[in-house]
Amino acid sequence: FPGRPLLTPASSAPLPDAPTPAPMPAGGRIALGVSYNGRNYDGWQSQPSGQTVQDKLERALARFLDVPAVNTLCAGRTDAGVHGLNQVVHFDSPLVRPENAWVRGTNSFLPPDIAVQWARKVPPGFHARASATGRRYAYVLLESPVRPSVDHGQVGWVFRPLDLAAMQSAANALLGEHDFTSFRASSCQAHSPVKDMRRIEIARRGAYWRFEFEASAFLHHMI
């Protein structure tokens, strides 16, 4: 390569040994399925406020294990107010615990609007984000001349009639692999704006609409 000296065994000093990977902790890698009502939280990712789902979960895990701190990583970050159903999270545990103990023990230290649904020991190479094959968002919208009351904070609201055929036609244009730059937030940290929108379903039951979006991944504020 131009400008780059070549090293030979006779003229160069021995190369340093590659760093040895740290051994997996005693308890191995654990995956959790976490569900939460995001109404009272500043999204998933840890914030200085401490009022995020990740902050609450990591504190609960640390208390359950009686260790100073536990670091978690999730399949995909959610924004403030967004709920999660079986959000996949992984962490490396310094201690061995039965799978059912992770559920009961961690939940005993969590607030009532966050709960671990299941726990599994996974291979060391498992990665909640990199191993994920897809993500799904679901939105529920109330079409009514009067704002929601009992389900306030759980549904969106629109007082004008919605056109199913028009929405389905627009949704079809989003299916497939596209550059979604126009849909991403300026603070989005994704390496590429190209995502594969695999499925969009729109259904109505009574006054409620349900919108489901499934893709390889989503950009910040894309949905």
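What follows is a chat about a predicted model of one protein chain.

Q: Hi! Before we get into details, how many helices and strands are there in the protein chain?
A: Hi! The protein chain has three helices and nine strands. This is a predicted model, by the way.

Q: Good to know. In what order do the elements run from the N terminus on?
A: They go β-α-β-β-α-β-β-β-α-β-β-β.

Q: And what share of the residues counts as buried?
A: The chain has 223 residues, and 34% of them count as buried.

Q: How about the surface, how much area does the protein chain expose?
A: About 13900 Å² is exposed, and carbon and sulfur atoms supply 56% of that area.

Q: I'd like a feel for the contacts too. Among those between residues at least 6 apart in sequence, what fraction joins residues at least 24 apart?
A: That fraction is 63%.

Q: Let's move to the sheet with four strands. What is the strand order there?
A: The order is 2-3-1-4, in an open sheet with antiparallel pairing. Strand 2 (73–74) and strand 4 (114–122) are the edge strands, each pairing on one side only.

Q: Which strand does strand 2 pair with, and over how many bridges?
A: Strand 2 pairs with strand 3, residues 84–93, in the antiparallel sense over two bridges. Cys74, for instance, has Val89 of strand 3 as its bridge partner.

Q: Now strand 1. How many bridges join it to strand 3?
A: Eight bridges join strand 1 to strand 3, and the two run antiparallel. Strand 1 is also joined to strand 4 by eight bridges, again antiparallel.

Q: Can we pick a residue there? What are the bridge partners of Ala31 in strand 3 and in strand 4?
A: In strand 3 the partner of Ala31 is His90, and in strand 4 the partner is Arg120.

Q: Why is strand 1 described as largely enclosed?
A: Nine of the nine residues of strand 1 are buried, so the rest of the structure largely encloses that strand.

Q: What about the helices, which strands does helix 1 lie across?
A: Helix 1, residues 53–65, lies across strand 1 (28–36), strand 3 and strand 4, and runs at about 130° to strand 1. Helix 2, residues 99–107, also lies across strand 1, strand 3 and strand 4, running at about 155° to strand 4.

Q: Staying with helix 1, how many of its residues are buried?
A: Helix 1 is mostly covered, with 10 of its 13 residues buried. Among them are Val53, Leu57, Leu61, Phe64 and Leu65, and the list also includes Asp55 and Glu58.

Q: What do those buried residues pack against?
A: The buried residues of helix 1 pack against strand 1, strand 3, helix 2 and strand 4.

Q: How far does helix 1 reach from its first C-alpha to its last?
A: Helix 1 reaches 18 Å over its 13 residues, close to the 18 Å expected at 1.5 Å a residue.

Q: And what happens with Asp66 just after helix 1?
A: Asp66 takes a positive phi of about 60° there.

Q: Changing topic to charges: how many salt bridges does the structure hold?
A: There are eight salt bridges in the structure.

Q: Which residue does Glu212 meet in a salt bridge?
A: Glu212 meets Arg136, at 3.5 Å from N to O. The pair links distant parts of the chain, with Glu212 in strand 9 (residues 208–215) and Arg136 in strand 5 (residues 135–143), 76 residues apart.

Q: Are those two buried or exposed?
A: Glu212 counts as buried because its relative accessibility is 13%. Arg136, at 51% relative accessibility, counts as exposed.

Q: Which residue does Arg199 form a salt bridge with?
A: Arg199 forms one with Glu201, and their closest N and O atoms are 3.1 Å apart. Salt bridges that share partners join Arg136, Arg199, Glu201, Arg210, Glu212 and Glu214 into one network.

Q: How accessible are Arg199 and Glu201?
A: Arg199 is partly exposed at 22% relative accessibility, and Glu201 is partly exposed at 44%.

Q: Last one: what is the salt-bridge partner of Arg198?
A: That partner is Asp196, with the closest N and O atoms 3.7 Å apart. Arg198 is partly exposed, with a relative accessible area of 43%, and Asp196 counts as partly exposed at 27%.

Key
Residues numbered from 1 in each chain as written. Predicted model: local features only at pLDDT ≥ 70, side-chain atom pairs only at ≥ 80, totals over all residues. Heavy atoms only, no water. Pairing = 2+ DSSP bridges. Contact = heavy atoms within 4.5 Å. Axes fitted to C-alpha atoms, helices over the stretch in contact; angles between N-to-C directions. Buried < 20%, exposed > 50% of the residue type's maximum accessible area, 1.4 Å probe, protein only. Salt bridge = Lys/Arg side-chain N within 4 Å of Asp/Glu carboxyl O. Areas by Shrake-Rupley, 256 points an atom, 1.4 Å probe, with all protein chains shown as cover. Expected span 1.5 Å × (residues − 1).
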